[in-house]
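Okay, thanks for making time for this one. Let me put the sequence and the model up, and then I'll walk you through a few spots.

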Amino acid sequence: MTRWQEIQYALQGCFRILKRDKSANEYFNLSADGFWFSFIAIPIMLGLNFIGKSMEFNLAGLEHVGVAETFGFAASILPSIFLFFCGMLIITRSMGLSGALPSFIIIYNWAQLAVYVVWTVLSTVTLTVLGTEGNSVLGLLFFFGSYFYLYMVIRFALPVDPAAAMGICFMEFAIAILINMAAIQIFLKPAVQ
């Protein structure tokens, strides 16, 4: 199987998780090689995030926010993902689930890429048709949907009960919000003043 096919199969597996297909595991390369290759999803997400933020800032009238600031803000997903994985390492160790962590990381990486691909397509259409206000409304709905999907991924990839899965979702949300707020202060606030 080529690397491109591996990405396609992984994205199909992400869709099958959404359909609650128990055989979705078959679409992911859960080997050590598949673990390391799944991290290719992160630079692709970074690129998609940069494109999306560039469009949002331009349509919101923030043309003076430069490429460096936009890239820095988009790159805030990197510490967010890193801190989430650190949190997951602690959680899985404390629950005796360390063996399930590599498979979870593989599935999480591809699931996040799937979310970014869908959001980039949707936001491109809504930004073009509805502008920034319409995109904000859709973004809020998509935000809630993406966390429901994360809950499904956690329940699929880890043998945890619903309360633990919700706790993990909340941890990911808290990390993402804190990093996003810091990124706004570092990259956007100086650019708009």
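Quick one to start: where is R20 found? R20 sits in the loop between α1 and α2. Bear in mind that this is a predicted model, so everything I say is about that model. The backbone at R20 is a bit of an oddity: phi is near 60°, a positive value in a residue other than glycine. For context, most residues other than glycine have a negative phi. As for the side of things you'd care about for solvent, R20 counts as exposed because its relative accessibility is 61%, and the cut-off for exposed is over 50%.

There's another positive phi further along, by the way. G61, just after α3, takes one of about 80°.

Right, α3 itself. This helix has 19 residues, and from its first C-alpha to its last it reaches 27 Å, close to the 27 Å you'd expect at 1.5 Å a residue. Its buried residues are A41, I42, M45, L46, L48, N49, G52, K53 and F57. Keep N49 and K53 in mind, as they come back with the pocket.

Let's stay with F57 for a second. F57 is in α3, and it counts as buried because its relative accessible area is 8%, where buried means under 20%. What does F57 touch, leaving aside neighbours within four places in sequence? The contacts are L62, E63, V65, T70, F73 and L188. Compare that with I17: F57 and I17 are 40 residues apart in sequence, with 33 Å between their C-alpha atoms.

One of those contacts, T70, is in helix α4, residues 67-74. T70 is buried too, since its relative accessibility comes to 4%. Not counting residues up to four places away, T70 touches F50, K53, S54, F57 and V65.

Now the nonpolar packing. In soluble globular proteins, nonpolar side chains tend to be buried together. Here the largest nonpolar core has 52 residues, and the ones that touch the most other members are F84, F104, W110 and I154. Elements giving two or more residues to this core are α1 (3-18), α2 (32-37), α3, α5, α6 and α7. The biggest giver is α6, with 22 residues. Zooming in on F104, and again skipping residues up to four places away, its contacts are F84, M88, V153, I154, A157 and L158. There's also a second, separate core of 5 residues, including V65, F73, A183 and L188.

On to the pocket, for the docking people. The largest one holds about 1100 Å³ of space. It's lined by 36 residues, and N49, K53, Y116, F143 and N180 are the closest to its centre. At least two lining residues come from each of α3 (41-59), α5 (77-94), α6 (101-157) and α7 (162-192). Which helix supplies the largest share of that lining? That's α6 again, with 16 residues. By class, the lining breaks down as 21 nonpolar, 12 polar and 3 charged residues.

Last stop: F82, in helix α5. Buried or exposed? F82 counts as exposed, because its relative accessibility is 54%. Its C-alpha is 9.9 Å from that of I175, although the two residues are 93 apart along the chain.

That's my tour, so over to you for questions.

Definitions and conventions
Residues are numbered from 1 along each chain as its sequence is written. This is a predicted model: local features need pLDDT of at least 70, side-chain atom pairs count only at pLDDT 80 or more; totals for chains, interfaces and linings use all residues. Side-chain values use heavy atoms; hydrogens and water are left out. On a 1 Å grid over the protein atoms alone, a cavity is a set of points where a 1.4 Å probe fits but cannot get out, and a pocket is an open set with protein on both sides within 12 Å along at least five of seven lines; lining residues have an atom within 4 Å of a point. Grid points are joined across faces, edges and corners, and a volume is the space filled by probe spheres set on the points. Helices (H or I, at least four residues) and strands (E, at least two) are DSSP runs, numbered from the N terminus. Ala, Val, Leu, Ile, Met, Phe, Trp, Tyr, Cys and Pro count as nonpolar, Asp, Glu, Lys and Arg as charged, and the others, Gly among them, as polar. A nonpolar core is a set of buried Ala, Val, Leu, Ile, Met, Phe, Trp, Tyr and Cys residues joined through side-chain atoms within 4.5 Å. Buried means under 20% relative accessible area, exposed over 50%, partly exposed in between (1.4 Å probe, protein chains only). Contact means heavy atoms within 4.5 Å. The expected span of a helix is 1.5 Å times one less than its number of residues.
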